[in-house]
Amino acid sequence: MKTDPCKREREEMVEFQIRARGVGDRRVLAAMRKIPRHLFVPKGFERAAYEDRPLPIGEGQTISQPYIVAVMTEQLELAPQDRVLEIGTGSGYQAALLAELAANVISVERLPDLADRARENLARAGVTGVEVVVGDGTQGYPPEAPYNAVIVTAATPDIPQPLVKQLAEGGRLIAPVGPRECQDLVKLVKHEGRVEKIPLGGVCFVPLIGQFGWKGERFP
Ligand code: SAH
């Protein structure tokens, strides 16, 4: 990676937005200090990349607020050998963090233009270990299942059942579940085939559109 003009902003982001609010996992904090978030936002938004808010990434979609990314990543409890499925590649930033913390990452994006841009962003940031797939992520990605962790980064009315099915024994799944505007962040843990559900608090995400999510461009 080239010398990084935003290193100090990134350290401040981790210190004041993330660590100060209670995210303590050392590996997650180190990954967020390392991944150059400014390479995942559109041209002209680089200065805003380390602010405490989501940002537009085109096509009506957003890169999430750094704190929310940190909370979701910490709750996935990733181990270095884990295989991870992300639904909603967007900018590729969340996928880059996952790749830093786990062995391999499949990230599914519905919009081909965003998938292309995410692949470019990941390459520019020097991230390897992410495969971006275009498709309906509400169906998961059966060819590489099962996954030790699944993260859904778009809002869904209910957790898509294919994703629960594709979760390995001991696996963790995080998703924003609920109405169109704002949702509850929910964590599922699979134990001996049973699924434990843990609520993590309120969030607001763009909609997950697909067979097991919201049904169309105009969701009810
Ligand atoms: N994780 C991203 C932000 C995601 S924004 C990041 O780090 O930047 C939500 C993304 O989910 C959008 O890009 C949207 O196009 C995508 N999406 C919506 N429905 C989807 C579906 N059924 N399958 C895959 N991606 C979907």
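This note goes through helix packing, a disulfide and some single residues in a predicted model.

1. Helix α1. This helix covers residues 7–19, and its buried residues are R10, M13, V14, Q17 and I18. An α-helix has 3.6 residues a turn, so residues three or four places apart point the same way. The buried residues of α1 pack against three other helices: α2 (26–34), α3 (66–75) and α4 (93–101).

2. α1 against α2. Two packed helices are described by the angle between their axes and the distance between the axes. For α1 and α2, the axes come within 8 Å and the crossing angle is roughly 145°. The crossing is right-handed. On the α1 side the contact is made by R10, E11, M13, V14, E15, I18 and R19, and on the α2 side by L29, M32, R33 and K34. By type, the residues of this contact are five nonpolar, six charged and no polar. Of the residues named on the α1 side, R10, M13, V14 and I18 are among those buried in the helix.

3. α2 against α4. How do α2 and α4 lie relative to each other? Their axes come within 10 Å and cross at roughly 125°. An angle that is neither under 35 degrees, nor over 145, nor from 65 to 115 counts as oblique, and α2 and α4 are therefore oblique to each other. This crossing, too, is right-handed. R27, V28, A31, M32 and K34 of α2 meet Y93, L97, E100 and L101 of α4. The residues of this contact comprise six nonpolar and three charged, with no polar residue. M32 and K34 of α2 take part here, and M32 and K34 are also listed in the contact of α2 with α1.

4. The disulfide. How many disulfides does the model hold? The count comes to one. The disulfide is formed by C182 and C204, whose sulfur atoms are 1.8 Å apart. The link is right-handed, with 90° about the S-S bond. The pair joins distant parts of the chain, 22 residues apart. C182 sits in the loop between β7 (167–177) and β8 (183–191), while C204 sits in the segment after β9 (194–203).

5. Exposure of the cysteines. C182 has a relative accessible area of 38% and is therefore partly exposed. C204 is exposed, at 52%; the cut-off for exposed is over 50%. Another cysteine, C6, is buried, with a relative accessible area of 6%.

6. K165. This residue belongs to helix α6, which spans residues 161–165. Is K165 buried or exposed? Its relative accessible area is 72%, so K165 is exposed. The C-alpha atom of K165 is separated by 9.0 Å from that of G140, and the two residues are 25 residues apart along the chain.

7. T156. The loop between β6 (147–152) and α6 holds T156. With a relative accessible area of 0%, T156 is buried. Which residues does T156 contact, leaving aside its neighbours within four places in sequence? They are P176, V177, G178, L208, F212, G213 and W214. Two of these, P176 and V177, fall within the residue range of β7, 167–177.

Terms used: Residues are numbered from 1 along each chain as its sequence is written. This is a predicted model: local features need pLDDT of at least 70, side-chain atom pairs count only at pLDDT 80 or more; totals for chains, interfaces and linings use all residues. Side-chain values use heavy atoms; hydrogens and water are left out. Buried means under 20% relative accessible area, exposed over 50%, partly exposed in between (1.4 Å probe, protein chains only). Helices (H or I, at least four residues) and strands (E, at least two) are DSSP runs, numbered from the N terminus. Contact means heavy atoms within 4.5 Å. Axes are lines fitted to C-alpha atoms, for helices over the stretch in contact, and angles run from 0 to 180 degrees between N-to-C directions. A crossing is left-handed if the near helix is turned anticlockwise from the far one by less than a right angle, and right-handed if clockwise. Ala, Val, Leu, Ile, Met, Phe, Trp, Tyr, Cys and Pro count as nonpolar, Asp, Glu, Lys and Arg as charged, and the others, Gly among them, as polar. A disulfide is a pair of cysteine sulfur atoms within 2.5 Å.
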